[in-house]
Amino acid sequence: MNNLLLFLGLLFCGWFFGRRAEQRHYKSIIERELEFNALPAIASRFPPTDTAYEQQLVAGSTVVSSDYFKSITAAMINIFGGEVKPFEALIDRARRESILRMKAEAKSAGADMVFNIKMETSQIAAGRTGAIEVLAYGTALIPTNVVDIASAPNVTDMNVATPA
Amino acid sequence: MLLSNLEILPGKRVEKHLGLVQGSSVRSKHAGRDFLSGIKNIFGGELTAYTELLHDSREQATQRMTEQAKSIGANAVLNIRFSTSSIAAGAAEIYVYGTAVALVDE
């Protein structure tokens with residue numbers, strides 16, 4: 001009886017807190033994705049050659065844990081086979097979060113875009129149910145020909161000329 | 001040291017290929033952290049302790065690769081790849097490798 005209560009308690013905790021964590025996470029992911037839309041991540045190996053860019057390696061990683069409810073549901077789905085929806089959401093969150101972290105690093109370096117995105121996924125055996133780890137990395141392209149107002153002689157000449 | 005996972009750098013030319021360079025790092029958190037993460041496993045959510053751990057391992061692996069590249073006289077590492085695996089419960093390995101080259105301006 002006690003064991004059953006413990007099981008149901010854990011199941012409820014997993015369902016309640018897990019769902020809340022997931023909803024919050026998705027909300028923040030969607031907000032930040034809109035913000036980072038201006039900085040595209042491209043899976044191409046060939047950088048544009050028209051402008052001068054400096055290259056820098058950027059990466060982002062996330063470790064997301066499953067919850068008790070997800071693990072039990074997944075185990076049950078596993079018996080009958082089919083789409084394991086709880087884990088799909090989990091891995092989707094981890095991937096999108098990793099890309100956002102990578103983009104944040106690229107943005108702080110002053111990059112325009114990130115090229116050659118690669119993803120690495122692996123399972124970390126933490127506890128009974130496990131957690132997944134996603135690493136996203138790519139090359140940030142930082143424009144080098146940004147007009148520096150202080151060092152551009154034309155700009156100062158014009159400023160002197162206009163008031164007179 | 002220039003690190004990139006592209007193979008082409010517009011405006012630069014590869015003067016010399018110096019071969020593969022690599023770095024790896026295996027780290028784990030202490031048992032207390034593992035226990036706390038086990039509890040977190042019931043409730044779900046991000047395991048920040050492990051995210052930090054991976055971040056640190058990645059930095060160290062990259063640094064080891066950079067040192068190796070420096071010692072053979074390279075000024076850039078191109079076509080970098082990361083690879084991760086879990087070696088044992090609570091320990092993670094990060095392996096990073098790439099091609100060391102000597103770059104010159106065109």
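## A sheet shared by chains A and B, and its helices

Strands S2(A) and S4(A) run antiparallel to one another and are joined by 13 bridges. Across this pairing, Glu54(A) has Ile142(A) of S4(A) as its bridge partner. The description that follows refers to a predicted model. S2(A) is mostly covered, with 13 of its 15 residues buried.

**The sheet across the two chains**

S2(A) also pairs with a strand of the other chain: it runs antiparallel to strand S3 (residues 44-46) of chain B, over 2 bridges. Here Ser65(A) has Gly45(B) in S3(B) as its bridge partner. The open sheet that results has 5 strands in the order S1(A)-S3(A)-S4(A)-S2(A)-S3(B), and its pairing is mixed. S1 of chain A and S3 of chain B are the edges; each has a single partner strand, so one side of each is left without a neighbour in the sheet. At the chain A edge, S1(A) and S3(A) pair in the parallel sense over 2 bridges, and Ile42(A) stands opposite Phe115(A) in S3(A).

Helices from both chains lie on this sheet. H1(A) packs on it, touching S2 of chain A together with S3 of chain B, and its direction makes about 35° with that of S3(B). Helix H1 (residues 31-43) of chain B lies across S2 and S4 of chain A together with S3 of chain B, and runs at about 75° to S2(A).

The strand pairings described in this report are collected below.

| Strands | Sense | Bridges | Residue pair |
|---|---|---|---|
| S2(A) and S4(A) | antiparallel | 13 bridges | Glu54(A) and Ile142(A) |
| S2(A) and S3(B) | antiparallel | 2 bridges | Ser65(A) and Gly45(B) |
| S1(A) and S3(A) | parallel | 2 bridges | Ile42(A) and Phe115(A) |
| S4(B) and S5(B) | antiparallel | 10 bridges | Leu78(B) and Thr99(B) |

**The contact between the chains**

In the contact between the chains, 43 residues of chain A meet 36 residues of chain B. On the chain A side, H1, strand S2 (53-67), helix H2 (68-80), strand S3 (113-124) and strand S4 (131-143) each supply at least two residues. The largest share, 11 residues, comes from S2(A). By character, the chain A residues that touch chain B divide into 20 nonpolar, 15 polar and 8 charged.

**Helices H1 and H3 of chain A**

Helix H1 (residues 2-35) and helix H3 (residues 85-108) of chain A pack at an angle of about 35°, their axes being 10 Å apart. Their crossing is left-handed. From H1(A), the residues in this contact are Glu22(A), His25(A), Tyr26(A), Ile29(A), Arg32(A) and Glu33(A), which meet Ala89(A), Arg93(A), Arg96(A), Glu97(A) and Leu100(A) in H3(A). These residues divide into 4 nonpolar, 1 polar and 6 charged.

H3(A) comprises 24 residues and reaches 35 Å from its first C-alpha to its last, close to the 34 Å expected at 1.5 Å a residue. Its buried residues include Leu90(A), Ala94(A), Ile99(A), Met102(A) and Ala106(A), and also the charged residues Arg93(A), Glu97(A), Arg101(A) and Lys103(A). Arg93(A), Glu97(A) and Leu100(A) are thus both buried and part of the contact with H1(A). The cover over the buried residues of H3(A) includes H1, strand S1 (41-42), S2, H2, S3 and S4 of chain A. Just after H3(A), Gly110(A) takes a positive phi of about 85°.

**The loop between S3 and S4 of chain A**

Gly130(A) is found in the loop between S3 and S4 of chain A. This residue counts as partly exposed because it has 15 C-beta neighbours inside 10 Å, a number between the limits of 12 or fewer for exposed and 20 or more for buried. Gly130(A) and Val64(A) are 66 residues apart along the chain, and their C-alpha atoms are separated by 9.2 Å.

**The sheet of chain B**

Chain B also has an open sheet of 4 strands, in the order S1-S4-S5-S2, with mixed pairing. Its edge strands are strand S1 (2-3) and strand S2 (12-28), each pairing on one side only. Within the sheet, strand S4 (residues 76-88) and strand S5 (residues 91-105) of chain B run antiparallel and are joined by 10 bridges. Leu78(B) has Thr99(B) in S5(B) as its bridge partner. Helix H2 (residues 48-71) of chain B lies across S2, S4 and S5 of chain B and runs at about 140° to S2(B).

Methods:
Residues numbered from 1 in each chain as written. Chains lettered and ligands numbered in written order. Predicted model: local features only at pLDDT ≥ 70, side-chain atom pairs only at ≥ 80, totals over all residues. Axes fitted to C-alpha atoms, helices over the stretch in contact; angles between N-to-C directions. Left-handed = near helix turned anticlockwise from the far one by under 90°. Contact = placed C-beta atoms within 7 Å. Pairing = 2+ DSSP bridges. Expected span 1.5 Å × (residues − 1).
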